[in-house]
Amino acid sequence: MEHVWSCGRGDVSDVQEHVGAARGIRSNTVQSTLRRLYDKGLLRRRKVSHAYVYEPTCTREEWQRDTLDRVVDDLMAGETDAMLAAFVDLTERAGPEHLERLERLIAARRKAEDGA
Amino acid sequence: MSTVILLFLLSTLLLGGAAALAVAAVHRPLLARIAGWTPARRASLLHALLVAPLAVGLLQTLLGLVPGALSRVWPTLDHCLEHGGVGHPHLCVTHASALAEPTLAVVLVVGGLAWITFSTAAVLRDWLRSERVTRALFAAGAYDDALRATLLPTDSPLAATDLRGRVLVSDGLLRSLAPIHRTAVLRHEHAHARRRDPLRLLVTKLLSGLQLPAVRRRLIAELELACEQACDEEAAASGPGRVAMAEALLAVERLVGARVAVHRPSTAGFGGTTVVPRVESLLAPPGRGAPHPGVRGAGLSAAAFVFASEPLHHAVEVIAGMLGA
């Protein structure tokens, strides 16, 4: 993905030359990986002559942001653990009736303070 | 297993177990009594109460060993020879005697250690699991000098402090809050960092393994609430004020609730949140300080603790004798 983001596009031989060769990865493996990334929606492809050329469907920053959103949402859903002192409970919510009651209490207190 | 080690562990577990039963007996009236204390003092007491069984078990056992150890230098301190009686085990580094039949004592010790290990292991497992997530979150963000926090590029509303006292806040949260509420949130998290709440809570959880499970859960929940309230008060007093702090709590709760409703609707749990008591506490008059025992009170308590060691030590030896008969 880093290579495709940097160059804007790439085919199997191109990625193999710049990424695979240095790591001893064969072109079959590069091809499978690009296909998996395409299946996951991170790449789109078009056929040029006999080969597919792959392009990213989102920028690196967009992907990072989406991934981070998912990680934090998982935290809030209790699907992952983190020993963090969060500002509000990550997994338990106050029901709407509680929130409305608290809002009324706060509004009354504000009114009393402003009056004073 | 060496006799001294066996008797030492047995003593620690018996005395610690007795202390745990005592905490279980008094914790409800005690919690009612300290409800009006300032959150910071409540938190301190709850930390002490949670680790009390292990601390009492260990300290009383060690105190009981002191006369025997000192008798090597001052023979007049030697109290073991006064016991008399064949087969009365001595928990003593000078006159340790073997149990006639140690099986039951060994079973009790192994069972007690397994109990502590099980509850401690659960805490350690959660900690190790959480380290990966925390590392990833901080790696994804960038430290902001002005905020004194790591800014996370996500729309998800998150503000939190980790075990190392580092503050994490999402740009999505900051964008959604009014300036005074942003200040309130950040000051609250910095208060957690200054108090080292996440780390102290972890250590307390690790050392509270001798508590009865239901009592432990209740006390930990009360401690977590007290820590949050202490940071609410500290943040409110540093500028925003109690009402703005309450407003910030409500605003963030609504943001998180809205986010969960859209992105993880099936997982929202209602009822265990601390937001309600925290807002109510901020809108109520501030708590009173805890009554201070003073030097004389503290001295009397310490003296009573030390003088109790001899009868407790002897009681443990009697019980060990009954177990090993």
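Biologist: Which residues are linked with A:Arg9 in a network of salt bridges?
Modeller: A:Arg44, A:Arg46 and A:Glu55 share that network with A:Arg9. Keep in mind that this is a predicted model.

Biologist: How many salt bridges does the structure hold over all chains?
Modeller: Counting every chain, there are 26.

Biologist: What makes A:Asp69 and B:Arg259 a salt bridge?
Modeller: Check the gap between their closest N and O atoms: it is 3.9 Å. The cut-off is within 4 Å, so the pair qualifies.

Biologist: And how do you know that the pair crosses between chains?
Modeller: Look at where each partner sits. A:Asp69 belongs to helix H4 (residues 60-76) of chain A, and B:Arg259 to helix H9 (residues 242-263) of chain B.

Biologist: Why does A:Asp69 count as buried?
Modeller: Its relative accessibility is 10%. Buried means under 20%, so A:Asp69 gets that label. Its partner B:Arg259 is at 12%, so B:Arg259 counts as buried too.

Biologist: Helix H9 of chain B has another partner in chain A, right? What makes A:Glu103 and B:Arg254 a salt bridge?
Modeller: Their closest N and O atoms are 2.9 Å apart. That is within 4 Å, so we call it a salt bridge. This pair also crosses between chains, going from helix H5 (residues 96-115) of chain A to helix H9 of chain B.

Biologist: Why is A:Glu103 called partly exposed?
Modeller: A:Glu103 has a relative accessible area of 37%. Buried stops under 20% and exposed starts over 50%, so A:Glu103 falls in between. B:Arg254, with 35%, is therefore partly exposed as well.

Biologist: Now a pair inside chain B. Why are B:Arg175 and B:Asp171 separated by about one helical turn?
Modeller: Because they are four residues apart in helix H5 (residues 171-176) of chain B. They form a salt bridge too, with the closest N and O atoms 3.8 Å apart.

Biologist: Is each partner buried or exposed?
Modeller: One of each! B:Arg175 has a relative accessible area of 55%, which is over 50%, so B:Arg175 is exposed. B:Asp171 has 18%, which is under 20%, so B:Asp171 counts as buried.

Biologist: On to the backbone. What is phi of A:Ser49?
Modeller: About 60 degrees, a positive value although A:Ser49 is not a glycine. A:Ser49 sits in the loop between strand E2 (43-48) and strand E3 (51-56) of chain A.

Biologist: Why is A:Ser49 called exposed?
Modeller: Its relative accessible area is 64%, and the label needs over 50%, so A:Ser49 is exposed. For another positive phi, try B:Arg148: the angle is near 55 degrees, and this residue isn't a glycine either. B:Arg148 is in the loop between strand E1 (142-144) and strand E2 (149-152) of chain B.

Biologist: Let's zoom out. How do you know how chain A compares with a compact globule?
Modeller: Compare the radius of gyration. A compact globule of 116 residues would be near 13 Å, but chain A has 25 Å. Along the principal axes, the C-alpha atoms fill a box of roughly 80 × 30 × 20 Å.

Biologist: And what makes up the secondary structure of chain A?
Modeller: Five helices and five strands. Along the sequence they follow the pattern α-β-α-α-β-β-α-β-β-α.

Biologist: How much of chain A is made up of buried residues?
Modeller: They come to 35% of its 116 residues.

How values were computed: Residues numbered from 1 in each chain as written. Chains lettered and ligands numbered in written order. Predicted model: local features only at pLDDT ≥ 70, side-chain atom pairs only at ≥ 80, totals over all residues. Heavy atoms only, no water. Helix = DSSP H or I, 4+ residues; strand = E, 2+ residues; numbered from the N terminus. Rg over C-alpha atoms; globule rule 2.2 N^0.38 Å. Buried < 20%, exposed > 50% of the residue type's maximum accessible area, 1.4 Å probe, protein only. Salt bridge = Lys/Arg side-chain N within 4 Å of Asp/Glu carboxyl O.
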